[in-house]
Amino acid sequence: MCGIIGVVVSNKSTRYSPGSMIFRGLLRLEYRGYDSAGVASICGDKLIVLKGKGRIIDLEKKLGFSKICGSVVIGHTRWATHGAPSDINAHPHTDCRNWFAVVHNGIIQNYLDLKKTLINKGHVFKSDTDTEVIPHLVEDYYGVLRNVYRSFKQAVRVLKGSYALLLISVHEPEKIFFAKKDSPLIIGLGNGFNVLASDIPAILEYTRRIITVRDGWIGYVSGNDVYIEDLDGNIVDWRRYVRIIDWSISDAVKAGYPHYMLKEIHEQPRALKDTFYGISRDENIVRVVDMILDAEKVFVTGAGTSFHASYYFALVTNVLAGVMVYPFIASEFESYTSAVGEGDLLIVVSQSGETMDALKALRAFKERGARIVAVSNVVDSAIPRESDIAVYTRAGPEIGVAATKTFTTQTLVLAWIAVFLAKSCGCIGDDEAREYMDLLGDSAKIVSETISVTEYAAKKLSEWLYRVKSAYYLSRWIGVPVAMEGALKLKEIAYIHAESYPAGESKHGPIALVEEDFPVIFIVPSNREVEKLLLGNIKEMKARGAVIIGVVPEDSGLVDEMDYVFSIPRTHWLITPITHTPPQQLLAYYTAVRKGLDPDKPRNLAKTVTVE
Ligand code: G6P
């Protein structure tokens, strides 16, 4: 999993040099992986490669990415899959003669066979990566065809797996060649220059006119032209695919916050407002509801945070509409496929729309005849494209690795679908539906208040929490996926072991670990019955010396049971993820910062996991 970028300039009057465009773009792509990075350009008649292990900012100081010469430059930021993070395994990769350089995001599944054949033909490999077969393959075909594009096409034809790849060559020094299958790639169209990148934030500073490259497309760009062919070799009329991006550049940068994560937590009121605006006008919602009502079995899936949103959806549809939806973790899809057939429906939740586990679940269900609904934050990404229908959150780009605003907006969309479903099947009346819709419409205001009343408490509590080794997050019913999300945040960015259980389950094992000063965080939804049940669980933990922390409605009797409390406005249980998640996000954030960690780039994690 990696980020790639390429810049080709025909008109020297562009504001930035190609090297500095690549460097700035790479910084924006760092969320896709950050164990090593590199750039390559054609300088005169020579191929120059600068690369190494480490963070982009350090490599810039050491190697000077932004100063690389030439008007055709490609760059890469890596998250290791084949071959450990190292100088040698960093991209770009080159052939034996230094004629071709390649950056690649994805996995070449048949690389071992290809490598063996190429070694037998005399090629010498320098790295342990799957990617390095590509420049050697192109070199091999070039020996026969003496034409870069035809050799590139021939090489791409034999690749099995996933790829977004860019190639430059000393033999055609004014072009970047590209191909795409299953990994994201966009083209940004400039005035006198063109850019290619894995994602929009990398190019937003330079242009808003983009083309989302489709699977199977292959071609090249120069400073003032684009050439694309599809899978069958037909020329693509790319002008039909140009879109104007309406995100502002400030959506994609830190805007004065010390970290993207904090900025994105604070963006939730705006993100929820935009998402509400979007779904309340989205005709696809009615279609999705009809698909659910027509389906024999309904499943919902996602990975990480998106699974928590999926689980929440299953609970809400059950309560509001009496519809049974089966939630499962995307990577476990094979455990469910034998129960799937025509007439069934799968809802795939994925903020990036590119997560391989979710994509594989989608494909497996589709193959068995199920219909597919996508819920995503990225228009035109792989999961929406391969689904029968898509609905979108409008959270804007999320750069922090840990999901924040994309979770609350996902639950808003899913709650909206559940309310419409309940109304359509006659489980709730028009007035009740209207009340829920108004509540969802108010969620932006509510979250804004929640953030302002809990941020200080989160900061204070982090002063103590940063020292602990382990914590439990407990709740019941609608609060369980929310507690799971809180535990995941603390684990992901503060590196504190955190587990989440339905509170009733804790007496069946987890409570054995509880001793003096063990932190137990209770998520208390706005629901009097659940509050009563949770009181017993709080007492159990207290009796064993636990420190009780709670996210609790301000007027609840449970406030007095807490050692530390995040007291939040009492609203309705339906929006528990929206009211109770931001304090947990803030707690994890400030704890990570107190530990001196970078919350935006947790170790071993990547934002978009496009490998299994
Ligand atoms: C990665 C991220 C998680 C995210 C998960 C699913 O593991 O680190 O934060 O929840 O992928 O991502 P998606 O884009 O499919 O929602």
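Which residue in β8 stands opposite A164? The legends below, which describe a predicted model, include the reply.

**View 1. Strands β7 and β8 lie side by side in antiparallel pairing.** Residue K180 of β8 stands opposite A164. Strand β7 spans residues 161-169 and strand β8 spans residues 176-181. The two strands are joined by 4 bridges. Strands of a sheet pair through backbone hydrogen bonds, and such pairing may be parallel or antiparallel.

**View 2. An open sheet is built from 6 strands.** Their order across the sheet is β5-β6-β7-β8-β12-β13, with antiparallel pairing. The edges are formed by β5 (93-94) and β13 (226-229), each of which pairs on one side only.

**View 3. The ligand occupies the largest pocket.** It is surrounded by 14 residues, of which the closest are S306, S350, Q351, S352 and T355. By residue class, this shell consists of 5 nonpolar, 7 polar and 2 charged residues.

**View 4. Side chains of S306, S352 and E492 approach oxygen atoms of the ligand.** In S306, an N or O atom of the side chain is 2.6 Å from a ligand oxygen atom. For S352, a polar side-chain atom lies 2.6 Å from an oxygen atom of the ligand. In E492, a side-chain N or O atom is 3.5 Å from an oxygen atom of the ligand. On its own the ligand has 390 Å² of accessible area, and the protein covers 90% of that area.

Terms used:
Residues are numbered from 1 along each chain as its sequence is written. This is a predicted model: local features need pLDDT of at least 70, side-chain atom pairs count only at pLDDT 80 or more; totals for chains, interfaces and linings use all residues. Side-chain values use heavy atoms; hydrogens and water are left out. A residue is near a molecule or strand if one of its heavy atoms lies within 4 Å of it. A polar contact is a pair of N or O atoms within 3.5 Å; within protein, one must be able to donate a hydrogen and the other to accept it, and residues adjacent in sequence count only if both atoms are side-chain atoms. Accessible areas come from the Shrake-Rupley method with a 1.4 Å probe; for residues, only the protein chains shown count as cover. On a 1 Å grid over the protein atoms alone, a cavity is a set of points where a 1.4 Å probe fits but cannot get out, and a pocket is an open set with protein on both sides within 12 Å along at least five of seven lines; lining residues have an atom within 4 Å of a point. A molecule sits in a cavity or pocket if more than half of its atoms lie within 2 Å of its grid points. Ala, Val, Leu, Ile, Met, Phe, Trp, Tyr, Cys and Pro count as nonpolar, Asp, Glu, Lys and Arg as charged, and the others, Gly among them, as polar. Two strands pair if DSSP finds at least two bridges between them.
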